[in-house]
Amino acid sequence: MLAAPQSQDIVFGMITSGGSFMFIKLLKGYPPRYATSDIFDIRNRGNDLYNVLQILKRISQLTFA
């Protein structure tokens, strides 16, 4: 994320195993600061898939606005 080709101040990322998702936000600067979300698991009883889709929708609104 630090080596992202664009020189944006904020970079978003996602780590997934296919059933679990974690979101990452990088605030570039000196020193760079990372923030991570909780782990969302779509295989649990609560089915966090809807939360994951809401987060992806919000990130797309922020990046393509």
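L27 has its place in strand 2, which covers residues 20-27, in what is a predicted model. Strand 2 belongs to a protein whose secondary structure comes to 1 helix and 4 strands, and these elements follow the pattern β-β-β-β-α when read along the sequence. The points below begin with L27 and the strands, and then turn to the loops, the core and the protein as a whole.

**L27 and its surroundings**

- L27 has a relative accessible area of 25%, and it counts as partly exposed because this value lies between the limit of under 20% for buried residues and that of over 50% for exposed ones.
- When residues up to four places away in sequence are not counted, L27 touches D9, I10, P32 and R33.
- D38 lies 11 residues from L27 along the chain, and the C-alpha atoms of L27 and D38 are separated by 18 Å.

**Strand pairing and hairpins**

- Strand 1, made of residues 10-16, pairs with strand 2 in the antiparallel sense, and the pairing runs over 7 bridges.
- Within this part of the structure, T16 has F21 of strand 2 as its bridge partner.
- Strand 1 and strand 2 form a hairpin that leaves 3 residues between them, and G18, which sits in the turn, has a positive phi of about 100°.
- Strand 2 also pairs with strand 3 in the antiparallel sense, here over 4 bridges, and the bridge partner of L26 in strand 3 is Y34.
- A hairpin is formed by strand 2 and strand 3 as well, with 5 residues between the two strands.

**Two loops**

- P31 is found in the loop that runs between strand 2 and strand 3, the latter covering residues 33-36, and the peptide bond joining Y30 and P31 is cis, with omega at about 0°.
- D48 is found in the loop between strand 4, which covers residues 40-41, and helix 1, which covers residues 49-63.
- Is D48 buried or exposed? With a relative accessible area of 15%, D48 is buried, because buried means a value under 20%.
- A polar atom of the D48 side chain lies 3.2 Å from the backbone nitrogen of D41.
- Leaving aside neighbours within four places in sequence, D48 is in contact with I39, F40, D41 and I42.

**The nonpolar core**

- Which residues make up the largest nonpolar core? This core has 5 residues in all, namely F21, F23, F40, V52 and I59, and strand 2 and helix 1 each supply at least two of its residues.
- In soluble globular proteins, nonpolar side chains tend to be buried together.
- I59, one of the core residues, touches F12 and F23 when residues up to four places away in sequence are not counted.

**The protein as a whole**

- Along its principal axes, the C-alpha trace of the protein spans about 40 × 25 × 15 Å.
- The protein has 65 residues, of which buried residues make up 18%.
- The protein exposes about 5100 Å², and carbon and sulfur atoms supply 57% of this area.
- Among the contacts in the protein with a separation of 6 or more, 24% are accounted for by residues that are 24 or more positions apart.

Technical notes: Residues are numbered from 1 along each chain as its sequence is written. This is a predicted model: local features need pLDDT of at least 70, side-chain atom pairs count only at pLDDT 80 or more; totals for chains, interfaces and linings use all residues. Side-chain values use heavy atoms; hydrogens and water are left out. Buried means under 20% relative accessible area, exposed over 50%, partly exposed in between (1.4 Å probe, protein chains only). Contact means heavy atoms within 4.5 Å. Two strands pair if DSSP finds at least two bridges between them. A polar contact is a pair of N or O atoms within 3.5 Å; within protein, one must be able to donate a hydrogen and the other to accept it, and residues adjacent in sequence count only if both atoms are side-chain atoms. A nonpolar core is a set of buried Ala, Val, Leu, Ile, Met, Phe, Trp, Tyr and Cys residues joined through side-chain atoms within 4.5 Å. Accessible areas come from the Shrake-Rupley method with a 1.4 Å probe; for residues, only the protein chains shown count as cover.
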